[in-house]
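User: I have a model open and would like to understand the words used to describe it. Could you take me through them?

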Amino acid sequence: MQKVLVTGGAGFIGSELVRQLVTQAECSVVMVDLLTYSGNLASLAPVAARPNYRFVQADICDRGAMSQLFVQEQPDAVVHLAAESHVDRSIDGPLTFVQTNVMGTAVLLESARAYWVQTAPAKQQTFRFLHVSTDEVYGALGEQGLFTEQTPYAPSSPYSASKAASDHLVRAWYTTYGLPTLITNCSNNYGPYQFPEKLIPLMILNALAGKPLPVYGQGSNVRDWLYVADHARALRQVLAQGQVGQTYNIGGGAERSNLTVVQTLCTLLDELQPREKPYASLIAFVQDRPGHDFRYAIDASKISEQLGWQPTVSFEQGLRETVKWYLQHPQWVEQIRGVAEQRLGLLDKQGA
Ligand code: NAD
């Protein structure tokens with residue numbers, strides 16, 4: 001049974017990946033997470049009692065703790081998702097992003113390398129370090145064009161700059177030390193268990209509370225959306241079949257303006273949880289985010305042609321499932337709403 005060390009597994013995408021690895025793959029998972037505001041062990045409740053799942057609370061920036069973890073656990077692979085992940089928060093406080101995303105990744109790479117060089121040759125061959133990154137490293141697109149794996153990096157926000165830096169470190173550890181790394185750059189994810197600072201869960205929670213739905217500028221910025229289960233499946237596929245040293249773009253082929261996303265959510269809520277006035281009456285345009293990238297769009301042909309991965313959930317179907325999930329999990333929602341509201345103004349910004 002392959003042992004996979006997953007960092008950031010109490011977060012949105014990490015928890016989906018862990019749930020899939022523990023239940024659908026022949027894997028045992030050691031999940032490492034500091035449990036910052038966005039980490040939530042309740043998202044692992046469906047797998048917490050499984051014998052092939054174990055949680056270790058630790059900081060990826062802690063060299064001693066990371067080194068010990070590798071020595072103790074002897075993993076066959078690492079999937080690195082732990083990060084500060086919210087663009088607005090990176091504008092308000094960039095240094096935490098540099099610390100976690102850049103230093104944390106460097107510490108993890110060094111700890112992985114120290115373990116990898118002394119492991120048995122057969123395991124050295126098969127060991128993998130998969131770094132999970134974002135399409136935001138490529139900067140902004142105009143009306144036309146798609147990001148390919150060859151698109152030069154041009155990050156705009158402290159978040160995307162810190163992720164870009166971490167990608168470069170991962171490449172350097174491959175080129176310089178031969179550590180068998182892989183990188184994925186994925187578009188915006190959505191789905192169950194997402195912390196309500198991001199656009200879709202923020203709008204669902206605000207709408208259900210009858211609060212304004214804050215949309216940046218005119219809502220014309222465009223993002224490509226991918227259902228989180230499809231992303232986790234792509235990560236599993238890259239881990240199993242990806243070529244060492246390579247980068248794979250992952251996208252949903254579902255470009256939507258922010259306003260379209262919010263309007264579609266309102267229509268779904270009108271149907272699934274009707275109220276007196278249509279939910280769209282809550283939409284409120286607010287001052288745009290500084291340095292707001294206009295459009296992101298992904299060319300995912302490499303992963304599709306080389307590994308046979310395709311998204312399976314359409315945006316409309318995924319959004320319906322997501323809204324239903326939030327409606328059916330009031331306990332999870334109330335717990336997370338408490339965490340979100342403690343953070344000043346969190347539910348008043350649009351989210352990314
Ligand atoms: P998230 O904020 O939901 O989860 C991040 C997790 O990392 C949390 O559980 C948090 O507790 C943990 N963490 C933070 N700092 C830590 C530290 N110092 N040590 C250990 N754990 C720490 O984020 P997410 O949306 O699930 O994103 C996961 C990864 O995927 C990130 O690397 C992000 O850059 C990348 N990504 C996200 C998206 C998206 O749309 N959400 C898209 C592409 C790539």
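**How the terms fit this model**

Analyst: Gladly! In this predicted model, seven strands make an open sheet with parallel pairing, in the order E3-E2-E1-E4-E5-E6-E10.

User: Why are strand E3 and strand E10 said to stand at the edges?

Analyst: Strand E3 (53-57) and strand E10 (247-250) each have a single partner strand, so one side of each is left without a neighbour in the sheet. Neighbouring strands in this sheet are turned by 20 degrees against each other on average, direction ignored.

User: What makes E5 and strand E6 a pair?

Analyst: Pairing takes at least two bridges between two strands. E5 and E6 (residues 181-186) are joined by six bridges and run parallel, so they count as a pair. Leu130, for instance, has Leu182 in E6 as its bridge partner.

User: And which strands does H1 lie across?

Analyst: H1 lies across strand E1 (2-7), strand E2 (27-33), E3 and strand E4 (77-80), and runs at about 160 degrees to E2.

User: What makes the pairing in the three-strand sheet mixed or uniform?

Analyst: That open sheet has the order E7-E9-E11, and its pairing is mixed. In general, strands of a sheet pair through backbone hydrogen bonds, either parallel or antiparallel. Strand E9 (residues 222-227) and E11 run antiparallel, joined by three bridges, and Arg223 stands opposite Arg256 in E11. Helix H8 (residues 228-241) packs on the sheet, where it touches E7 and E9, and its direction makes about 70 degrees with that of E9.

User: How do you know that H2 and H4 are in contact?

Analyst: Two packed helices are described by the angle between their axes and the distance between the axes. Here the axes of helix H2 (residues 63-73) and H4 come within 9 Å and cross at roughly 35 degrees. From H2, the contact is made by Arg63, Met66, Ser67, Phe70 and Val71, and from H4 by Val107, Leu108, Ser111, Ala112, Ala114 and Tyr115. A contact needs C-beta atoms within 7 Å, and these residues make it. By class, eight are nonpolar, two polar and one charged.

User: Is that crossing left-handed or right-handed?

Analyst: The crossing of H2 and H4 is right-handed.

User: Which residues come nearest to the ligand?

Analyst: Of the 30 residues around the ligand, Gly8, Gly11, Ser38, Gly39 and Ala83 come nearest. Helix H1 (12-24), helix H4 (94-117), strand E5 (128-134) and strand E7 (188-190) are the elements giving two or more residues to this shell. By class, the shell has 13 nonpolar, 14 polar and three charged residues. Gly counts as polar here, so Gly8, Gly11 and Gly39 go with the polar residues.

User: Where does the label "NAD(P)-binding" come from?

Analyst: It comes from UniProt: an unreviewed entry annotates residues 5-322 as "domain: NAD(P)-binding". Over residues 5-322, the chain is 42% helix and 18% strand, with the end C-alpha atoms 27 Å apart.

Key
Residues are numbered from 1 along each chain as its sequence is written. This is a predicted model: local features need pLDDT of at least 70, side-chain atom pairs count only at pLDDT 80 or more; totals for chains, interfaces and linings use all residues. A residue is near a molecule or strand if its C-beta atom, placed from the backbone, lies within 6 Å of it. Helices (H or I, at least four residues) and strands (E, at least two) are DSSP runs, numbered from the N terminus. Axes are lines fitted to C-alpha atoms, for helices over the stretch in contact, and angles run from 0 to 180 degrees between N-to-C directions. A crossing is left-handed if the near helix is turned anticlockwise from the far one by less than a right angle, and right-handed if clockwise. Two residues are in contact if their C-beta atoms, placed from the backbone, lie within 7 Å. UniProt positions are given in the numbering used here, feature names are shortened, and annotations may be inferred rather than shown by experiment.
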